[in-house]
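Let's take a walk through this structure together. Have the sequence and the coordinates open as you read.

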Amino acid sequence: MASPALWQRCIAASALASTSRNVTRTFTTTTAVAMARQRPGAQKPTVARVPGLDQPGTLHNLSEIHPLLDHYPRKTDQDGHLNLESPKLWASDPPLDDLLKNQADDDVDEASLPHGLTKDDLRKFLKRALVVKRTSNMTTAGKIPSMYALVVVGNGQGIAGYGEGKDDEVARAVRKATNRAMRNLTSFDRYDDRTIYHDIDHKFHATNIQFRSRPPGFGNRCNHYIHEICSCIGILDISAKVWGSRNPMNVIKATFEALSLKQKLPEDIARGRGKRVVDVQHTYYGANE
Amino acid sequence: MPRHYDLCARVQNGFAARLRRIAVPDTKMNLAISNVLYKEGFIASVNRGDHVQPDTTYVPTTPDNIATRRLWLELKYNNDEPVLKKMSAVSKPSKKIVMKVEELQNLAAGNRSQFIKGLQPGEIAILTTNYGVLELRDALEKGAGGEVLCRAI
């Protein structure tokens, strides 16, 4: 009912009343409170439930995390100050999941990132969940369903990767796939930062893909999976045709293989032949903006 | 007499097998195409020799040794990769390809011409013209068309 502080104040009030008025009668708690209410000009006893909020006119230090004011805490740096630009940390998963987690599902370790990337860069990456399927594992107990996700991530400046993840829930599968994609980032060569250097023919399982380099302003006119991958990589002008199987997972894997392995840079070709290479487009006609 | 596609096959297979040098039949056409490959930087040298090894000193070709005469081409590799990936015949006995200057300009620009795909960055085409066996861009400089023998990349 009443807090210990209130009790103390009531006892003090009653003691004060008895001594000041020289009355031998002792007051009970309720009468003391009633008397305090009835006394003219009397102030309500202020009770501070939370330390630091009892003095009127003093503002709480809003740069520190407060257990009452900041119910969902934001990230802090070493000094304990808030970083208001960081996203909120939401309530954690139930404890059982921590036991079942394996390393691949954890968020990416910054030290393992390639090309000098940081976790802040990863947050600005484009993330596309291109394939989300419902798979089922047939066992003696029956069909066990599971959700599969294939996510492509990229920064639109030549760095991209893909990852696959499986879980009972779609959101968790997508998150696993995203983390794996962040782990498998590769750098892609682009001519003029907009297209591939030359036409590429690649076969992956039953999927044959022909990529064609195209002039500026052409656009990405290709299969919708290849289109998404090209926008994640930062390829702006390309034409592609998928022959044979158009299975989405294989089209995506074929595209990544072809664009990372099969491109030959003119500088490397010239070095092998012992020739000097000049980009006529840049030298005589000006570079493509 | 071995045709130009015989040379294409030998050169391509030699590079694929990572050989140091290959011996091809010693003919005027083979010598001319090998010269173009040498000038373009695909092979390191062209030597005459016999079927065992290249000649160290000059050996004249006579009816006695003509059967053993070979052209030795020294192959080039860079970064653990062959410098020549593919060499294929364009004009074949089943379908001869003779192109004019305009069609050759199309090829050089990367566009298709006479059902032949355009040249990719780093690709060359060897053709025989009235001025001899030339690479495509050299033929365009001279303003000459001709039979497109092979292409190499």
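What percentages of helix and strand does the chain have over residues 125-188 of chain A, and how far apart are the end C-alpha atoms?

## An annotated domain

This is a predicted model. Over residues 125-188 of chain A, strand accounts for 59% and helix for 22%. The C-alpha atoms at the two ends of this stretch are 15 Å apart. An unreviewed UniProt entry annotates residues 125-188 of chain A as "domain: S5 DRBM".

## How far to trust chain A

Chain A has a mean pLDDT of 80, with 65% of its residues at 70 or more. Two stretches call for some care. Over residues 17-24 of chain A, pLDDT stays under 50, and the model has four contacts beyond four places in sequence there. Residues 92-99 of chain A also stay under 50, with two such contacts. Where pLDDT is low, please don't read the predicted coordinates in detail.

## A nonpolar patch on chain A

On the surface, A:Val278, A:Val280, A:Tyr284 and A:Tyr285 make a nonpolar patch of about 480 Å². One of these residues, A:Val280, belongs to helix H9 (residues 280-285) of chain A. A:Val280 counts as partly exposed because its relative accessibility is 44%, between the cut-offs of 20% and 50%.

## A buried alanine in chain B

Now turn to B:Ala139, in helix H4 (residues 136-142) of chain B. Its relative accessibility is 0%, so B:Ala139 counts as buried. Leaving aside residues up to four places away in sequence, B:Ala139 touches B:Leu127, B:Thr129, B:Leu134 and B:Ala144. B:Ile126 is 13 residues from B:Ala139 along the chain, and their C-alpha atoms are separated by 9.1 Å.

Notes:
Residues are numbered from 1 along each chain as its sequence is written. Chains are lettered from A and ligands numbered from 1 in the order in which they are written. This is a predicted model: local features need pLDDT of at least 70, side-chain atom pairs count only at pLDDT 80 or more; totals for chains, interfaces and linings use all residues. Side-chain values use heavy atoms; hydrogens and water are left out. UniProt positions are given in the numbering used here, feature names are shortened, and annotations may be inferred rather than shown by experiment. Helices (H or I, at least four residues) and strands (E, at least two) are DSSP runs, numbered from the N terminus. pLDDT is the predictor's confidence in each residue, from 0 to 100. Contact means heavy atoms within 4.5 Å. Patches are made of residues with over 30% relative accessible area and no salt bridge: like charges are joined within 9 Å, nonpolar side chains (Val, Leu, Ile, Met, Phe, Trp, Tyr) within 5 Å. Accessible areas come from the Shrake-Rupley method with a 1.4 Å probe; for residues, only the protein chains shown count as cover. A salt bridge is a side-chain nitrogen of Lys or Arg within 4 Å of a carboxyl oxygen of Asp or Glu. Buried means under 20% relative accessible area, exposed over 50%, partly exposed in between (1.4 Å probe, protein chains only).
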